[in-house]
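Grab a pencil and work through the exercises below. Each one has a task, then a solution in steps.

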Amino acid sequence: MTTLVTHLQTGALLPESILHSDSFKILATFVALNTLMYATLALMKLLPKGYAFSWFSGRNRRAQDRSIGSAPPETDS
Amino acid sequence: MIGLIIFGVASIAATLLLAAASAVGPRVEIAPSTGFFLGIWSVLYAIEAPTPRVAVASVALAALLASGVALIELRISNRSRRSSDAHTDPLAPKLVMARTRGVYAGPVTVTVLIPAHNEEASLAQTIASLTSQSHPPERIIVVADNCTDSTVDVGRLAGVEVVESVGNTHKKAGALNQVLRWLVPTQGENDAVMIMDADTSLDDGFLETAVARFTSDRALMAIGGLFYGEDGAGMLGQFQRNEYSRYSRDIRRRRGRVFVLTGTASIFRPAALRAVAQSRGTAIPGITGDVYDTAALTEDNELTIALKTLGALMISPSQCTVVTEMMPTWRALWNQRLRWQRGALENLGAYGMKPKTFRYWAQQLGIGYGVIALTAYFALILITSLSIDAWVWFPFWMGLGLLFAVERVVTAWDGGWHARLLAVALIPELVFATFLNVVYIKGVMDILFKRQAGWAHLTPTTIGEGSSGEGSTAVAPG
């Protein structure tokens, strides 16, 4: 345990105090926020994509036959 | 300039995010403490996580940004679809419908153009994938461009027309322009033109689906293929295959709404190509009369933006799939991606910030921000690991890591077990993402210092040794 704490205080290459510096905390906060944001995007990619508007809106239905051989319709939309 | 604008905006976004975070809560601290796992092993762990308020805010911000971009894009594309302004949207469905009403121009036919530059190795297979379709094309023309191998003979032997480009110095786009210039005026309203890479094979059913779509909707101007990667090229190939699987999944989830009409295989109504050729030099960049803009590095991406600008209706149906070549070496991939990245940025620069390019700007901004975010992440890991001499567990962040692993696996699921195994490991794909980020930065730098862009070509017979680029033009996932 003592060794562990000593290691912690000295660190491998950089002083452990760097972890308590203000700029390091800013970096950690930035990474934390990004991680959460990207996690949200990941979750959105997992969930089924909903097209709620198309369930209710009649505007998505074609008002006329658009095929190449269709007869001229009375109205256009 | 364009790259700097995007990178600059992404940096401003990052700074704003930090400022907002500092304003709403305390900073995240990484101060490890010791504990016992299952009461036995002494472990070092850090429970630090952002305060709930900050966490909820960032989750909400991400959700808002993602759905905001999607909604704005949907709104812009709907407005374009319902437009009847012949000046701004000459290819808008209503106008096309009005022009073709009551006129039957015959059944839908398909003429395939295969631009080929030294493609003797793969051309025969490409032609075979066309002739064996359940609905074979009516006409196949190989556009041989400055070939020094037996591409022309392979084409003739396969029984298709071969046209050689004359004095062309504008690569694939230039060669295609030469042929389209005489071909398009002879095509009827329903005589579709397909452009297909010589290193690509169509899956069966592609043309049948495309013809059915063009038959049922005379306002439909273009159909883009969904590409996935051929087998081989080891782990590097698997990285690319995973990327392509995810891209196809994204397009399916978008209900086929097109990002890019891929150069690997896309079909156009002649009216669309005519409108593009006529509008170049005025409404869209390029030389009047050219279908492809020869100044663009990614001519398929450019043509997509051109068609969107003119209000064309286009789709990528999930049945229209093609198998395309994978880059076999990191160097070849580097060259390919540098060209795609640079091409995409330069296309945006050429078109500027308009509603119809909104989605592409958002995508580039996303990539730019991703570069900053991933670099910050690696910096944090590096500093932490150099400052602490023991392994530290971060339960909160490891939980999120699990979510990322699930997302990676599910989105690459269609690629099979190899794809899923690579995805679940997380780290390799993170390394691949870093590689793509470095390409992005190199692209931005090259544009900034106006370096000549490379358009190298991969000769299939020399794969693995000294190949320095490639010739296909699928502009892929963002």
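**Exercise 1.** Work out what share of chain A is buried, and what its exposed surface is made of.

*Solution.* Start with burial: of the 77 residues in chain A, 34% are buried (under 20% relative accessible area; exposed is over 50%, partly exposed in between; 1.4 Å probe, protein chains only). Next, the surface: chain A exposes about 4,900 Å² (Shrake-Rupley method, 1.4 Å probe). Carbon and sulfur atoms supply 63% of that area.

A note on the ground rules: this is a predicted model, where local features need pLDDT of at least 70 and side-chain atom pairs 80 or more, while totals for chains, interfaces and linings use all residues. Residues are numbered from 1 along each chain, chains are lettered from A and ligands numbered from 1 as written, and side-chain values use heavy atoms, without hydrogens and water.

**Exercise 2.** List the helices and strands of chain A.

*Solution.* Count DSSP runs: helices are H or I of at least four residues, strands E of at least two, numbered from the N terminus. Chain A gives three helices and zero strands, so the order reads α-α-α.

**Exercise 3.** Lay out the three-stranded sheet of chain B and find what packs on it.

*Solution.* First, the order: β7-β12-β9 in chain B, an open sheet with mixed pairing (a pair needs at least two DSSP bridges). The edges are β7 (200-202) and β9 (226-229) of chain B, each pairing on one side only. Now zoom in: β7(B) runs antiparallel to β12(B) (321-324) over three bridges, with B:Ser201 opposite B:Val323. Finally, helix α8 (234-253) of chain B packs on the sheet, touching β9 and β12 of chain B (heavy atoms within 4.5 Å).

Terms used. Axes fitted to C-alpha atoms, helices over the stretch in contact; angles between N-to-C directions.
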